[in-house]
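Okay, everyone, thanks for coming. I'll put the structure up on the screen, and then we'll walk through a few spots together.

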Amino acid sequence: MRYCITDERLARIRQVLARRQKGLTLVIDNVHDPHNVSAILRSCDAFGVPSVHLYYTTSAFPVLGQKSSASARKWVMRTRHSDAASMYRGLKEQSFQVLATGFSERAKPLTDWDLSAPTAVILGNEHNGASPELAQVADGEIYIPMMGMVQSLNVSVAAAIILYEAWRQRWAKGMYDKASLSPEELALLEKDWVSR
């Protein structure tokens, strides 16, 4: 089947793909609210995250609706995992630092981390935080400094703040000015996106 696409649409697809950050990803860890998952995916698309990892062992991946935030799932690839150790190994083989969100004694503020390095951030679920088996293997722990009485944020809000800080650091280094995906990866994604 042949798809018709305008020159403007093709140019937009190429521009967006050229800014995708191959070295930045999230691990969505048993987040059960579909609105939170949709909002996380929308932030990923906004900040150039090409793919996320889904770690669902205590609940099923939620059914996402058709609203605008849910439509971001078209533009962000998802890989499912059920084994923490193999997922961690795969990320380390790609030279990712793996950071879990949390508040333990080893946690450091978001701005203390170099998020321009290949980084995977584990976002724990709304009630229990990061799964123990993921928190144990993480290279470090990250938290968002807060000035109010409440010491936690909605998981989708936390994701957006973390991704904004990663964008800020990467933008300052010019990392959005050159493609991080290979020409072959760009061509495959362009072909896929044109058909959507």
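So, look at threonine 101: a polar atom of its side chain sits 3.1 Å from the backbone oxygen of isoleucine 122. Keep in mind that this is a predicted model, so every distance I quote is computed from that prediction.

Where does threonine 101 sit? It's in strand E4, which covers residues 97–101. Is it buried or exposed? Somewhere in the middle: its relative accessibility is 25%, and buried would mean under 20%, so threonine 101 counts as partly exposed.

Now, who does threonine 101 touch, if we skip the neighbours within four places in sequence? Its contacts are Val121, Ile122, Leu123, Gly124, Ala130, Glu141, Ile142 and Ile162. Notice Ile122 in there, the residue whose backbone oxygen I started with.

Why pick threonine 101 at all? Well, an unreviewed UniProt entry lists Thr101, Ile144 and Leu153 under "binding site". Those three span 53 residues in sequence, yet none of their C-alpha atoms are more than 11.2 Å apart, so they gather at one spot.

Let's hop over to leucine 153, then. You'll find leucine 153 in the loop that runs between strand E7 (140–143) and helix H5 (155–172). Leucine 153 is partly exposed too, with a relative accessible area of 36%. Again leaving out residues up to four places away in sequence, leucine 153 touches Met146, Ala158, Ile161 and Ile144, and Ile144 is also on that UniProt list.

Next, the inside of the protein. How many residues are in the largest nonpolar core? There are 31, and those with the most contacts inside it are Leu26, Ile28, Ile40, Leu41, Cys44, Val52 and Leu123. The elements giving two or more residues to this core are strands E1 (24–29), E2 (51–55) and E6 (119–123), plus helices H2 (34–46) and H5. H5 gives the largest share, six residues.

Take isoleucine 28 as an example. Setting aside neighbours within four places in sequence, isoleucine 28 is in contact with Ile40, Leu41, Val52, His53, Leu54, Tyr55, Tyr56 and Leu123. There's also a second, separate core of 14 residues, including Val27, Ala84, Phe96 and Val98.

Last stop: empty space. The structure holds one cavity of 30 Å³ or more. The largest cavity has about 30 Å³ of space in it, and its lining is made by Leu17, Arg20, Pro50, Trp75, Met77, Leu189 and Trp193.

Key. Residues are numbered from 1 along each chain as its sequence is written. This is a predicted model: local features need pLDDT of at least 70, side-chain atom pairs count only at pLDDT 80 or more; totals for chains, interfaces and linings use all residues. Side-chain values use heavy atoms; hydrogens and water are left out. UniProt positions are given in the numbering used here, feature names are shortened, and annotations may be inferred rather than shown by experiment. Helices (H or I, at least four residues) and strands (E, at least two) are DSSP runs, numbered from the N terminus. Buried means under 20% relative accessible area, exposed over 50%, partly exposed in between (1.4 Å probe, protein chains only). Contact means heavy atoms within 4.5 Å. A polar contact is a pair of N or O atoms within 3.5 Å; within protein, one must be able to donate a hydrogen and the other to accept it, and residues adjacent in sequence count only if both atoms are side-chain atoms. A nonpolar core is a set of buried Ala, Val, Leu, Ile, Met, Phe, Trp, Tyr and Cys residues joined through side-chain atoms within 4.5 Å. On a 1 Å grid over the protein atoms alone, a cavity is a set of points where a 1.4 Å probe fits but cannot get out, and a pocket is an open set with protein on both sides within 12 Å along at least five of seven lines; lining residues have an atom within 4 Å of a point. Grid points are joined across faces, edges and corners, and a volume is the space filled by probe spheres set on the points.
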